[in-house]
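Dear colleague,

I am passing on a structure that you have not worked with before, and I would be glad if you could look it over. My notes on it follow below, so that you can read them alongside the model.

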Amino acid sequence: MSSPPIHPRYSLVIPLFNEEAALPQLFAAIDSLLKRLDGAAEVILVDDGSRDRSAELALAKSQADARYRYLGLSRNFGHQIAITAGMDRACGDAVIVMDADLQDPPEIVLKMIAKWREGFDIVYARRKARQGESRFKRASAALFYRLIARLSAVDMPRDVGDFRLVDRAALRAFGQMRERDRFVRGMFAWMGFRQACVDFERPRRSAGETKYPLRKMVALAFNGIVGFSDAPLRLALWAGASVSMLAMLYGLYVIALWLTGDPGLVPGWSSIVVIVAFLSGANMMMTGLMGLYVGRIYNEVKARPLYLVRSEQGFDRRTEVDPVFPPFARLQESFALQSRSQKQA
């Protein structure tokens with residue numbers, strides 16, 4: 001006889017991408033954490049198109065342990081989308097987002113919950129130290145956080161990733177934000193609500209390799225800057241104005257030389273080529289920058305789903321609450337009704 005559905009007080013959302021080596025340690029650590037919580041909890045494992053045995057191990061865990069759920073996306077949509085997919089399906093009064101590599105220590109969740117009980121809607125974890133990371137990684141991360149703090153109109157906390165606790169009310173507000181190029185930590189900062197911080201020392205990765213190489217780090221930083229600041233556009237405006245001013249001054253200088261009959265004014269191709277190349281390069285750079293913003297608008301106008309689910313397991317073991325993203329639920333319901341009508345026909 002199956003156990004009746006439960007309503008979890010806590011939901012842990014853990015995105016997975018090729019984390020086969022880290023999963024045994026992760027499951028042991030999460031099992032230990034669940035025993036220390038003061039209420040029922042669920043663990044949502046979101047497989048973001050892994051190419052190793054991560055999906056197989058996560059599915060097996062969800063089948064063996066009633067507290068675990070498995071959500072398999074149809075392909076690799078990216079870390080920020082995987083986080084969103086898990087939070088869309090989370091049912092708890094408080095939702096905790098953490099990575100699978102145990103660099104987000106599970107024991108910090110207890111400190112977050114303590115802050116949540118004090119009345120805070122969002123509790124984020126701030127890294128005081130980064131163990132096992134190269135000097136370049138630490139320096140580039142520090143530069144990024146300081147740069148976005150200067151450029152963005154939103155006050156974003158420094159040295160803070162996606163490891164955080166979110167109250168149900170704040171999660172519903174987050175569910176209304178469906179932009180495609182997502183920078184989740186910036187979105188939570190933009191939302192406001194009552195927010196608190198918990199400091200921790202980030203340990204080394206437990207197993208496996210980082211899923212954020214330099215290319216993905218640069219792309220995430222770019223999403224953060226472009227998505228929460230118009231500073232690049234203003235920079236393009238002032239750079240274009242400066243180039244135009246310099247070209248005008250140079251033109252006046254050439255006219256002055258011509259009026260004075262300066263013998264040094266010899267017609268030639270060198271100066272023309274340099275000036276044309278400089279102005280053309282500046283024009284292409286500004287056009288490309290504006291094109292990036294237009295491309296982001298184009299992605300939003302297409303209005304495709306943020307993600308597609310290939311398979312799921314374990315979500316029927318809980319009582320459902322109001323969905324985080326009601327339009328998504330209505331869309332799913334319309335698909336179900338359409339499917340039933342087609343079968344009846």
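**Cysteines, cores and helix pairs**

There are 0 disulfides in the structure, and please keep in mind throughout that this is a predicted model. A disulfide is a covalent bond between the sulfur atoms of two cysteines. Of the cysteines, I can mention Cys-91, which counts as buried because its relative accessible area is 1%, and Cys-197, which is partly exposed because its relative accessible area is 22% and the limit for buried is under 20%.

As for the chain as a whole, the protein has 11 helices and 8 strands, and buried residues account for 43% of its 345 residues. If one takes the contacts between residues at least 6 apart in sequence, 85% of them join residues that are at least 24 apart.

Turning to the interior, the largest nonpolar core consists of 36 residues, and within it Ile-14, Ile-30 and Phe-163 have the most contacts. Helix H1, which covers residues 23-36, gives the most to this core, contributing 6 residues. Which residues does Ile-14 touch, leaving aside its neighbours within four places in sequence? Ile-14 is in contact with Leu-26 and Ile-30, with the run Val-43, Ile-44, Leu-45 and Val-46, and also with Met-98, Asp-99 and Ala-100. A second core, separate from the largest one, has 27 residues, among them Leu-71, Ile-81, Ile-83 and Met-191.

Two pairs of helices deserve a description of their own. In the first pair, the axes of H1 and helix H2 (residues 54-64) come within 11 Å and cross at roughly 30 degrees, so H1 is roughly parallel to H2. Their crossing is right-handed, and the contact is made by Leu-23, Phe-27 and Asp-31 on the H1 side, with Ser-54, Leu-57, Ala-58 and Lys-61 on the H2 side.

In the second pair, helix H6 (residues 168-175) and helix H7 (residues 184-191) have axes that come within 11 Å and cross at roughly 115 degrees, and these two helices are therefore roughly perpendicular to each other. H6 passes H7 in a right-handed crossing. Here Ala-170, Ala-173 and Phe-174 of H6 meet Val-184, Met-187, Phe-188 and Met-191 of H7, and Met-191 is also one of the residues of the second core.

With best regards

Notes: Residues numbered from 1 in each chain as written. Predicted model: local features only at pLDDT ≥ 70, side-chain atom pairs only at ≥ 80, totals over all residues. Heavy atoms only, no water. Core = buried A, V, L, I, M, F, W, Y, C linked by side-chain atoms within 4.5 Å. Buried < 20%, exposed > 50% of the residue type's maximum accessible area, 1.4 Å probe, protein only. Helix = DSSP H or I, 4+ residues; strand = E, 2+ residues; numbered from the N terminus. Contact = heavy atoms within 4.5 Å. Disulfide = S-S within 2.5 Å. Axes fitted to C-alpha atoms, helices over the stretch in contact; angles between N-to-C directions. Parallel < 35°, antiparallel > 145°, perpendicular 65-115°, else oblique. Left-handed = near helix turned anticlockwise from the far one by under 90°.
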